[in-house]
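Please open the structure in the viewer and display it as a cartoon, with side chains ready to be shown on request. The tour below proceeds by selections, each followed by a description of what is found there.

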Amino acid sequence: MATTVAFGVESPQGPRTVSVAYERTGSGEPLLLLHGIGHHRQAWDPVVRILAVERDVIAVDLPGFGASPALPDGVPYDLATVAPLLGAFCESIGVDRPHVAGNSLGGLLALEMGREKLARSVTALSPAGFWSERERIYAFGTLRAMRLAAESMPLPLIEKLSRTAAGRTVLTSTIYARPARRTPQEAVSETLALREATGFHQTLAVGRDVRFTDDVPGLPVTIAWGGRDRLLLRRQGIRAKHTLPGARLVRLPGCGHVPMNDDPALVSRVILDTSR
């Protein structure tokens, strides 16, 4: 069951209150989990139980996604705002510099938190921001098509598709290499999360000019890329390694863009190895 915390942030228009929904379980050093655009904290469910054996796991719904409300008027969805906002969220729940693992948009935010000294370690799974312009256009076009498809399908059709492996492939194969592993309930839930995400279009809009070009020195960093990532192609991992020469680059064989579902044991091991 999600908990929601509200905390204050500064904006160009003055102080604003932001609310973030999260779930917390396990014990040990804190580990913050950040999902990708159009997804929700449940993307991490396949690995949470494994991680919670060694870590105090905090899975959040980013603002404007999942159960977290949209950002208030005047608070942008850009990297320079959301990464410090996540630092303020951690402070509000009594956490100081967690380990951070993120996927896609969440991976980009995790790296920015590391650059801003808001993280103890960073594991970025297929992080955004290492694309060429052509690759970015392809990824954004694919995401918009996914959103449009989710919006155009009535709920009974989504539920019907979710009941078969072939239907779950139709719904989720863009981000998973093994979509049939998703349960019907999970396939329905994440399709609805995509179509109802209030921060989707604003996040895409500010992402047009995003390139992660700075190193993240002084802390452990792992970049991990799914060998079957169809959204952010795996060659972007090589660019990430050039940008972050001290980072460990790991391949995730047989995994798609959201690898936590495709190989929970491997993803958990990569995250825990980094945070150790």
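Begin with helix α8, which contributes the most to the lining of the largest cavity, namely four residues. The model on display is a predicted one.

**First stop: the largest cavity**

Select α8, residues 200–207, and then add α2 (79–92), α3 (105–115) and α4; these are the elements that give two or more residues each to the lining of the largest cavity. How many cavities of 30 Å³ or more does a search of the whole structure find? The search finds one. The volume of the largest cavity is about 290 Å³. To reach its centre, select Ile 37, Leu 105, Leu 108, Thr 203 and Gly 207, the closest to that centre of the 25 residues in the lining. Colouring the lining by class gives 20 nonpolar residues, four polar ones and one charged one.

**Second stop: α2 against α3**

Keep α2 and α3 and hide the rest. The two helices pack at an angle of about 75°, and their axes are 9 Å apart. Angles from 65 to 115 degrees count as roughly perpendicular, so α2 and α3 are described as roughly perpendicular to each other. Show the side chains of the contact next: Leu 79, Val 82, Ala 83, Leu 86 and Gly 87 on α2, facing Leu 108, Leu 109, Glu 112 and Met 113 on α3. This contact of α2 with α3 comprises seven nonpolar residues, one polar and one charged.

**Third stop: the largest pocket**

Now select α4 (133–152), α6 (165–172) and α7 (184–196), each of which supplies at least two residues of the lining of the largest pocket. The largest pocket has a volume of about 360 Å³. Which residues are the closest to its centre? They are Met 146, Leu 171, Thr 172, Ile 175 and Leu 194, out of 24 residues that line the pocket. By class, this lining consists of twelve nonpolar, eleven polar and one charged residues.

**Fourth stop: α6 against α7**

Retain α6 and α7 from the pocket selection. Their axes lie 10 Å apart, at a packing angle of about 25°. Since angles under 35 degrees count as roughly parallel, α6 and α7 are therefore roughly parallel to each other. Their crossing is left-handed. For the contact, select Arg 168, Leu 171 and Thr 172 of α6 together with Pro 184, Ala 187, Glu 190 and Thr 191 of α7. These contact residues divide into three nonpolar, two polar and two charged.

**Last stop: α5 against α6**

Finally, keep α6 and add helix α5, residues 155–162. What is the angle at which α5 and α6 pack? The angle is about 125°, with the axes 6 Å apart. The two helices are therefore oblique to each other. Display Ile 158, Leu 161 and Ser 162 of α5, and Gly 167, Arg 168, Val 170 and Leu 171 of α6, which make the contact. The contact of α5 with α6 contains four nonpolar, two polar and one charged residues. Before leaving, centre the view on Leu 171, which takes part in the contact with α5, in the contact with α7 and in the lining of the largest pocket.

Technical notes: Residues are numbered from 1 along each chain as its sequence is written. This is a predicted model: local features need pLDDT of at least 70, side-chain atom pairs count only at pLDDT 80 or more; totals for chains, interfaces and linings use all residues. Side-chain values use heavy atoms; hydrogens and water are left out. On a 1 Å grid over the protein atoms alone, a cavity is a set of points where a 1.4 Å probe fits but cannot get out, and a pocket is an open set with protein on both sides within 12 Å along at least five of seven lines; lining residues have an atom within 4 Å of a point. Grid points are joined across faces, edges and corners, and a volume is the space filled by probe spheres set on the points. Ala, Val, Leu, Ile, Met, Phe, Trp, Tyr, Cys and Pro count as nonpolar, Asp, Glu, Lys and Arg as charged, and the others, Gly among them, as polar. Axes are lines fitted to C-alpha atoms, for helices over the stretch in contact, and angles run from 0 to 180 degrees between N-to-C directions. Angles under 35 degrees count as roughly parallel, over 145 as roughly antiparallel, 65 to 115 as roughly perpendicular and the rest as oblique. A crossing is left-handed if the near helix is turned anticlockwise from the far one by less than a right angle, and right-handed if clockwise. Contact means heavy atoms within 4.5 Å.
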